[in-house]
Amino acid sequence: MTFDRRSTDAGVQQNVQQDPMPERLTKRNGYWHFVRRVPPEFAAVDARGIVKQSTKIRIADDRSGIRAGRVADQLNIDLEASWRAAARQGSRDAIVALEEARQRAHALQLTYRPVDDVAKEALAEILRRIDALAVGDRRHDPATTAATLGGVDLPEIMLSSLCDEFEIAKKTTIARMSPGQLKKWKNGKKRAIELLITVVGDKAITRLTRDDALKYTDHWTERVVDGEVLAATANRNLTHITGMLSAVSKRHRLHLDRVFAGARLEGEASRPRPPFSPWWIVNRLLAAGALETMNDEERAVVMVMINTGARPSEIINLRRKHIVLDAPNPFIRVRPDDRVLKTVFSDRDIPLVGISLEAMRRFPDGFPHYRDKGDTLSAAVNAYFSDHGLRETEAHSLYSLRHGFKDRLRSVETPDELKDELMGHDTKKPKYGDGHGLDLKRKYIERIALAPGMQVPSPLQLIAAIG
């Protein structure tokens, strides 16, 4: 496929906005402070009314509050955990007691097991436990006796506290997430648990049965059959449930039965996002006035996506230090920037060409209004596309620009490894050095770059040519 470039006027205008102050942060004596009002449901266990705590980060060192916001998120997690622990002290006490029993048994070179499991052990192992108690006054110590013979009950972790326990189990994972990513990460899991509680009631996770799993699956099956949701949506919720149960079971050594095993629904998978055709991008999205009333940042993100194929979340979270415009070969660096990238292969450099370069030149500091708000951006752009008749089909969305970029790379026979590197996909090969250079990447992007006024064949013309 070849394209004749007649015009590269993007018509993108700058709209400078200030970074909004992160939630639950305030300035005090030159430092960022975390502030949160105690929710009414926890007023009985925390009489402070308003909790205030320093993040220990100077405002002068973090003027936008990005790093302080991450600290505040961790403080908030710990605060909520303490509230819930205080509200359910019996459950928390049981967890602490079990952990202490495990540590005490380990010190005696034993493995802690509940008393029912101890009773099933080989005679030699039972005698070894009794011999351990025979030393000194150990048998007179209730804590040591319970740790040796399995006298500490397993904690009853309720479904209503499963999300909290899961967050603790995944603390190192979520510590690297941005506030927006953390919120999205938590919301799906909370919804899945809330629905499970609605269906089977709030019960201890050790008491979940196969019947409970089938009831939950039947609920989703009915919604799929009624056309309310896709099977993929139901399976995503089941994945949330099984993932949380597995992680919490592993953390507390509960050895839960896999009651949800094989519960996934068969049926229609997630609807694939179709690519925008080059003809549609040039003659509809880049037509004069098509995006004129779109928000400046939204319009610029669209322009950047067209000739980079970058994910919307990667573009809106770019920082100035990773937008290189004054080099002979301008490019953007996709880096974590206080957030988690989708995959390790997402970390890459992408040359800026044509309308994508022009758009980034108008936003050299990135896109502050939509930073860490990928869902908000996508919703706004998709709504604009719908309202202005800019969807090639009903299934097309903002993300279809990324798929269109990949299709165009394929059309000019871009080597698979280079194509995957540009898209941020797994190359299926060991990564050595810095990958392909910017010059080679630019060579292929220039072959498929789109601009207003270009002559490109329509889908019907391509079908006729193939026929």
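**Exercise 1.** At its relative accessibility, does Leu123 count as buried or exposed, and what is the reason?

*Solution.* The model is a predicted one, and the residue is first placed in its element: Leu123 is found in helix 4. The cut-off for exposed is over 50% relative accessible area; because Leu123 has 61% relative accessibility, Leu123 counts as exposed.

**Exercise 2.** Identify the nonpolar surface patch that includes Leu123, and state which helix gives the most to this patch.

*Solution.* The members are listed to begin with: Leu123, Leu127, Ile130 and Leu149 form a nonpolar patch on the surface, and together they have about 350 Å² of accessible area. The contributions are then assigned to elements, where helix 4, which spans residues 123-133, gives the most to the patch, with 3 residues.

**Exercise 3.** Compare the expected span of helix 9 with the distance between its end C-alpha atoms, and determine how its buried residues are arranged around the axis.

*Solution.* Helix 9 runs over residues 210-225, and since its 16 residues at 1.5 Å a residue should span 22 Å, the distance of 22 Å between its end C-alpha atoms agrees with the expectation. Turning to burial, Asp212, Ala213, Tyr216, Thr217 and Trp220 are the buried residues in helix 9. They cover an arc of only 130° around the axis, and therefore lie on the same side of helix 9. On the other side of helix 9, by contrast, Asp211, Glu222 and Val225 are exposed. The cover over the buried residues of helix 9 includes helix 8 (179-200) and helix 10 (231-252). Finally, just after helix 9, Gly227 takes a positive phi of about 80°.

Definitions and conventions
Residues are numbered from 1 along each chain as its sequence is written. This is a predicted model: local features need pLDDT of at least 70, side-chain atom pairs count only at pLDDT 80 or more; totals for chains, interfaces and linings use all residues. Side-chain values use heavy atoms; hydrogens and water are left out. Helices (H or I, at least four residues) and strands (E, at least two) are DSSP runs, numbered from the N terminus. The expected span of a helix is 1.5 Å times one less than its number of residues. Buried means under 20% relative accessible area, exposed over 50%, partly exposed in between (1.4 Å probe, protein chains only). The arc is that of the directions from the helix axis to the C-beta atoms. Contact means heavy atoms within 4.5 Å. Patches are made of residues with over 30% relative accessible area and no salt bridge: like charges are joined within 9 Å, nonpolar side chains (Val, Leu, Ile, Met, Phe, Trp, Tyr) within 5 Å. Accessible areas come from the Shrake-Rupley method with a 1.4 Å probe; for residues, only the protein chains shown count as cover. A salt bridge is a side-chain nitrogen of Lys or Arg within 4 Å of a carboxyl oxygen of Asp or Glu.
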